[in-house]
Amino acid sequence: GGGSPDVVVVDDDPAMASLVRAYIETHDDGLVVRTQTNPETALSTLDETTVDCVVSDYQMPGMDGLEFLSAVRDARPNLPFVLFTAVDDDSVAERARDRGAAFVHKSGAATAFERLVDAVAGELDDGGA
């Protein structure tokens, strides 16, 4: 790698993407966080840029978070990935974990963002090993 870890936040709601970015940056100023509102655009940036971790919403038009995760896995099999979703569905969580991703439930509580930050840090630690 070298340099700061790059995190890409993918959420079709730009306000949510910005909120997630701000929260991650506030808790770890060593991370460079970018946002994407379109998973397909995010996929193309994986090829062009250094990405160390992806945080993705689940419910998105065109491609849901699990489809996006599968596409990311095809391109970068070991890339740390966190699915951050308001959908509280064990089967979605299970399928994310089956593909080697972390799953964080996006509730309205601040603790959801704290868990997200922890998951990103944990994924980056694992990925860097």
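Select Asp-88, Asp-90, Glu-94 and Asp-98 to begin, since these residues gather in a surface patch of negative charge, where a patch is built from residues with over 30% relative accessible area and no salt bridge, like charges being joined within 9 Å. A salt bridge here is a side-chain nitrogen of Lys or Arg within 4 Å of a carboxyl oxygen of Asp or Glu, and the place of a charge is taken as CG of Asp or CD of Glu. The model is predicted, with local features requiring pLDDT of at least 70 and side-chain atom pairs counting only at pLDDT 80 or more. Residues are numbered from 1 along each chain, and side-chain values use heavy atoms.

Stay on Asp-98, which sits in helix H4 (residues 90-98), helices being DSSP runs of H or I with at least four residues and strands runs of E with at least two. Asp-98 counts as exposed at 65% relative accessibility (exposed is over 50%, buried under 20%, with a 1.4 Å probe).

Next, select Phe-113, which is buried at 8% relative accessibility, and add Tyr-23 and Phe-84, because ring pairs link Tyr-23, Phe-84 and Phe-113 into a cluster (rings pair if their centres lie within 6.5 Å, with planes under 30 degrees apart stacked, over 60 edge-to-face and the rest tilted). The rings of Tyr-23 and Phe-113 form a tilted pair, with centres 5.2 Å apart and planes at 35°; this pair joins helix H1 (residues 14-27) to helix H5 (residues 110-128), 90 residues apart.

Turn then to Phe-84 and Phe-113, an edge-to-face pair with 5.5 Å between centres and 65° between planes. Phe-84, in strand S4 (residues 81-85), is buried, with a relative accessible area of 2%.

Methods:
Patches are made of residues with over 30% relative accessible area and no salt bridge: like charges are joined within 9 Å, nonpolar side chains (Val, Leu, Ile, Met, Phe, Trp, Tyr) within 5 Å. Accessible areas come from the Shrake-Rupley method with a 1.4 Å probe; for residues, only the protein chains shown count as cover. Lys and Arg count as positive and Asp and Glu as negative; His and the chain ends are not counted. Rings of Phe, Tyr and Trp (its six-membered ring) pair if their centres lie within 6.5 Å; planes under 30 degrees apart count as stacked, over 60 as edge-to-face and the rest as tilted.
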